[in-house]
Amino acid sequence: MANHKSSLKRIRQDKVRNLHNRYYAKTMRNAVRKLRATTDKEEAVKMYPAVQKMLDKLAKVNIIHKNKAANLKSSLCLHIKKLG
């Protein structure tokens, strides 16, 4: 158990932040999965900007690493090119 008031507060804050980050990371993973599962090129092209925006925002606030965001965007772009 923590010995200081500040330690207790830090534990509380970490729980909330962890939950927040997990939610957005899971939302991002589902969006990427949905885009990869799409076989229609028009629909995929329409979805891509929203997924790209989400990846950039999560990388900006360090929920995911910036290189991971770049790699995901690149692989999704290749996936869209292969469709059609």
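Of the contacts in the protein with a separation of 6 or more, 57% are between residues 24 or more positions apart. Keep in mind that what you're looking at is a predicted model. Reading along the sequence, you'll meet the pattern α-α-α, and the secondary structure adds up to three helices and zero strands. The radius of gyration is 17 Å, well over the 12 Å that the globule rule gives for 84 residues, so the protein is more spread out than a compact globule.

**Overall shape and surface**

- If you lay the C-alpha trace along its principal axes, it spans about 60 × 20 × 15 Å.
- Buried residues account for 24% of the 84 residues in the protein.
- About 6,700 Å² of the protein is exposed, and carbon and sulfur atoms supply 54% of that area.
- On the charge side, there are 22 positive and 5 negative side chains. The centres of those two sets sit 13 Å apart.

**Helix α1**

- Helix α1 takes in residues 5-37, which makes 33 residues.
- At 1.5 Å a residue, helix α1 should span 48 Å, and its end C-alpha atoms are indeed 48 Å apart, so the two values agree.
- Which residues of α1 are buried? They are Ala25, Met28, Ala31, Val32 and Leu35.
- A handy bit of background here: an α-helix has 3.6 residues a turn, so residues three or four places apart point the same way.
- As for what covers the buried residues of α1, the cover includes α2 (41-60) and α3.

**Helix α2: Met47 and Lys60**

- Met47 belongs to helix α2. Is Met47 buried or exposed? With a relative accessible area of 17%, Met47 falls under the 20% cut-off, so it is buried.
- Setting aside residues up to four places away in sequence, Met47 touches Lys34, Leu35 and Thr38. Leu35 also appears among the buried residues of α1.
- Val32 is another of the buried residues of α1. Met47 and Val32 are 15 residues apart in sequence, and their C-alpha atoms are 9.6 Å apart in space.
- Lys60 is in helix α2 too, but Lys60 counts as exposed, at 73% relative accessibility.
- From Lys60 to Lys34 you count 26 residues along the chain, and their C-alpha atoms are separated by 22 Å. Lys34, remember, is one of the residues that Met47 touches.

**The loop between α2 and α3: Asn62**

- Where is Asn62? You'll find Asn62 in the loop between α2 and α3.
- Asn62 is exposed, with a relative accessible area of 66%.
- Most residues other than glycine have a negative phi. Asn62 is not a glycine, yet its phi is positive, at about 60 degrees.
- Asn62 and Asn21 are 41 residues apart along the chain, while their C-alpha atoms are separated by 9.3 Å.

**Helix α3: Lys73 and Lys81**

- Helix α3 covers residues 66-82, and Lys73 has its place there.
- Lys73 comes in at 18% relative accessibility. Buried means under 20%, so Lys73 counts as buried.
- Which residues does Lys73 contact, leaving aside its neighbours within four places in sequence? The answer is Tyr48, Gln52, Leu55 and Asp56.
- Lys81 is also in helix α3. Exposed means over 50%, so Lys81, at 64% relative accessibility, counts as exposed.
- Lys81 and Asp40 are 41 residues apart in sequence, and C-alpha to C-alpha they are 11 Å apart in space.

Definitions and conventions. Residues are numbered from 1 along each chain as its sequence is written. This is a predicted model: local features need pLDDT of at least 70, side-chain atom pairs count only at pLDDT 80 or more; totals for chains, interfaces and linings use all residues. Side-chain values use heavy atoms; hydrogens and water are left out. Helices (H or I, at least four residues) and strands (E, at least two) are DSSP runs, numbered from the N terminus. The radius of gyration is taken over C-alpha atoms; the globule rule is 2.2 Å times the number of residues to the power 0.38. Buried means under 20% relative accessible area, exposed over 50%, partly exposed in between (1.4 Å probe, protein chains only). Contact means heavy atoms within 4.5 Å. Accessible areas come from the Shrake-Rupley method with a 1.4 Å probe; for residues, only the protein chains shown count as cover. Lys and Arg count as positive and Asp and Glu as negative; His and the chain ends are not counted. The place of a charge is taken as NZ of Lys, CZ of Arg, CG of Asp or CD of Glu. The expected span of a helix is 1.5 Å times one less than its number of residues.
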